[in-house]
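Here's a quick tour of some charged pairs and a greasy spot on the surface. Have a look at the structure first, then read on.

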Amino acid sequence: MALPVTQERPDALPEASVTPAAPGRAARALTKVRSGLPRTGLAVLAGLLLALSFPPFDLWPLSLVGVAALSLLTQGRTARQAAWTGFAFGLPFFLLLLSWLRVVGWDATVGLSVIEALFLAALGSGLALTSRLPGRPLWAACLWVTQEWARDRLPLGGFPWGRLAFANTATPFTPLAAIGGAPLVTFAVALAGALLAWAALRLRGPRRAPRAAVLAASGAVAAMLAGYLVPVPTAPADTVKVALIQGNVPNPGMDFLGRPMMVLNNHAAATEKLAADIKAGKVEKPDIVIWPENSSDLDPFSDPLAYRRIDEAVKAVGVPTLVGTLVDGPDEQHVQNEGIVWDPKTGPGASYTKQHPVPFGEYVPFRDQLSKVITRLQRVARDFYPGDHNGVMQLGPARIGDVICFEVAYDEIVRDTVDKGARVLVVQTNNATYAKTGQPEQQLAMSRLRAVEHGRAVLIAATSGISAVIAPDGSVVQRTEELTAAELSAVVPLRDGTTVADRVGAVPEWTLAVAGLLACGAAVLIGRRRATRPLSSESS
């Protein structure tokens with residue numbers, strides 16, 4: 001009797017060999033997110049701590065903590081993992097640092113912060129790659145300079161806010177600016193922070209090395225104290241008596257100008273009051289007077305009333321005056337942001353036009369396309385036309401180097417004025433839009449660093465504050481409060497000598513930035529060799 005034959009499906013497997021289904025892609029992604037939350041949270045906290053090291057908070061030691069934390073959080077990670085960590089670090093950092101942009105709109109704050117945080121994401125990847133190299137604190141410090149080098153130039157001319165050097169404008173690191181400018185200060189801060197991170201690594205795990213940790217910590221202290229060995233030249237070749245006029249504005253914010261002529265009348269009236277005090281013997285007559293950016297809200301060359309008002313005030317005080325005003329550009333679509341030397345006898349003379357207008361604030365890139373989507377951009381009615389030369393001008397007995405507002409953040413613009421013979425630096429600025437937001441304090445800090453970097457006194461004239469007189473060693477001799485009408489009078493040094501930073505120019509920045517890139521390239525090559533080595537040994 002034949003037994004029936006049972007046919008099994010070809011895909012059938014014994015019950016014992018059946019394995020549970022692998023978790024889905026979504027579940028795996030969720031698991032990864034959950035496992036990375038603690039590290040992401042620490043990165044966010046570290047970014048906020050770094051922001052607190054900048055004005056108006058001025059907790060500068062936190063800049064070391066921020067650098068050390070990012071080094072530790074990217075240690076041994078893949079480039080992709082570290083990029084996310086860098087972004088999680090950078091976004092809250094810039095959101096807090098640039099919170100003054102909320103006056104324009106929180107969307108502007110978030111948008112710019114996201115763009116800038118992408119550079120910190122790239123930095124995170126670089127830190128992870130070079131963390132496997134010998135001498136990694138050195139490469140980490142170089143990469144911080146590389147990141148800032150890129151941010152200072154890209155996109156649309158760059159945005160240098162948030163450089164480590166700008167959190168250390170009155171710290172032991174500051175004198176290093178006289179040797180290598182802001183990039184060397186950033187390098188020293190980053191090196192000290194990275195050495196502290198390396199010291200922490202040597203104190204944990206089964207392969208602890210207390211001696212190495214002490215050596216690394218000592219190196220961090222040495223990097224910080226090295227600035228005390230740098231002489232900051234301050235001896236004057238001559239002096240000049242200067243008066244800074246802060247006329248104030250009708251209202252802070254986007255509509256600070258008020259009605260036409262109001263801002264101009266404020267500055268003219270303050271200058272005439274100074275003239276009356278001089279005549280009454282209450283104050284000494286200055287050699288020069290400086291008005292801020294946009295102190296005239298009307299073009300004196302096309303508006304006879306504005307011309308007459310400026311001329312009356314300058315003749316009343318009787319000395320050459322630097323006037324900040326907007327003048328018509330080469331066509332109807334453009335306007336120029338200028339500082340004009342106005343003589344009490346001959347009227348307007350030499351002028352400087354701002355070379356680096358602010359994207360979306362003073363001109364609108366891709367105007368035709370973006371204005372349809374972001375209607376607020378239509379408030380920038382005309383684009384600012386950039387100047388084509390530096391701000392070195394003769395103002396009475398002083399050969400000044402004029403820079404306007406945000407230009408003080410750009411190394412090459414300030415350096416060029418000193419290279420071309422400026423004996424004192426002038427920063428004409430209008431921060432009325434951002435009054436009481438912390439932005440004026442951040443710009444003041446940048447000016448303090450420029451004083452040390454170039455060994456020059458820096459004179460800040462602001463419409464609504466902060467106006468200030470800064471000595472060549474970076475100390476603030478006088479300053480005004482915000483949203484007040486004020487006048488500062490001081491005798492400031494005129495210097496002809498140059499610092500080492502002036503003579504070497506951008507060489508330290510390029511050297512350190514390229515070194516960071518080369519370290520990343522070396523790390524990639526070494527990683528590939530290690531990955532292919534087992535395959536080579538098997539084939540042999």
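Is V504 buried, partly exposed or exposed? This is a predicted model, and in it V504 comes out as partly exposed, with a relative accessible area of 31%. Patch members need over 30% relative accessible area, and V504 is indeed part of a nonpolar surface patch, alongside I179, V500 and V507. Together the four offer about 260 Å² of accessible area. As for secondary structure, V504 sits in helix 13, which covers residues 500-504.

Now for the charges. Side chains of opposite charge can pair when their charged atoms come close. The structure has 15 salt bridges, and three of them are picked out here.

| Salt bridge | Closest N and O atoms |
|---|---|
| D152 and R163 | 3.4 Å |
| E312 and R309 | 3.5 Å |
| D496 and R423 | 2.8 Å |

Let's start with D152 and R163, whose closest N and O atoms are 3.4 Å apart. Both residues lie in the loop between helix 5 (136-151) and helix 6 (177-202), so the pair ties together parts that are eleven residues apart in sequence. How buried are the two partners? D152 is buried at a relative accessible area of 7%, and R163 is buried too, at 1%.

The E312 and R309 pair is a within-helix affair. The two residues are three apart in helix 9 (residues 304-317), which means about one helical turn separates them. What about their exposure? E312 is partly exposed, with a relative accessible area of 40%, whereas R309 counts as buried at 15% relative accessibility. The cut-off behind that label is 20%, since buried means under 20% relative accessible area.

Then there's D496 with R423, where the closest N and O atoms are 2.8 Å apart. D496 lies in the loop between strand 13 (486-494) and helix 13, while R423 lies in the loop between helix 11 (411-419) and strand 9 (424-429), so this bridge ties together parts that are 73 residues apart in sequence. R423 is buried, with a relative accessible area of 15%.

Which residues are joined into one network by salt bridges that share partners? They are E148, D152, R163, D411, R450 and E453. So if you're tracing charges by eye, D152 and R163 show up twice: as a salt-bridged pair and as members of that network.

Technical notes: Residues are numbered from 1 along each chain as its sequence is written. This is a predicted model: local features need pLDDT of at least 70, side-chain atom pairs count only at pLDDT 80 or more; totals for chains, interfaces and linings use all residues. Side-chain values use heavy atoms; hydrogens and water are left out. Patches are made of residues with over 30% relative accessible area and no salt bridge: like charges are joined within 9 Å, nonpolar side chains (Val, Leu, Ile, Met, Phe, Trp, Tyr) within 5 Å. Accessible areas come from the Shrake-Rupley method with a 1.4 Å probe; for residues, only the protein chains shown count as cover. A salt bridge is a side-chain nitrogen of Lys or Arg within 4 Å of a carboxyl oxygen of Asp or Glu. Helices (H or I, at least four residues) and strands (E, at least two) are DSSP runs, numbered from the N terminus. Buried means under 20% relative accessible area, exposed over 50%, partly exposed in between (1.4 Å probe, protein chains only).
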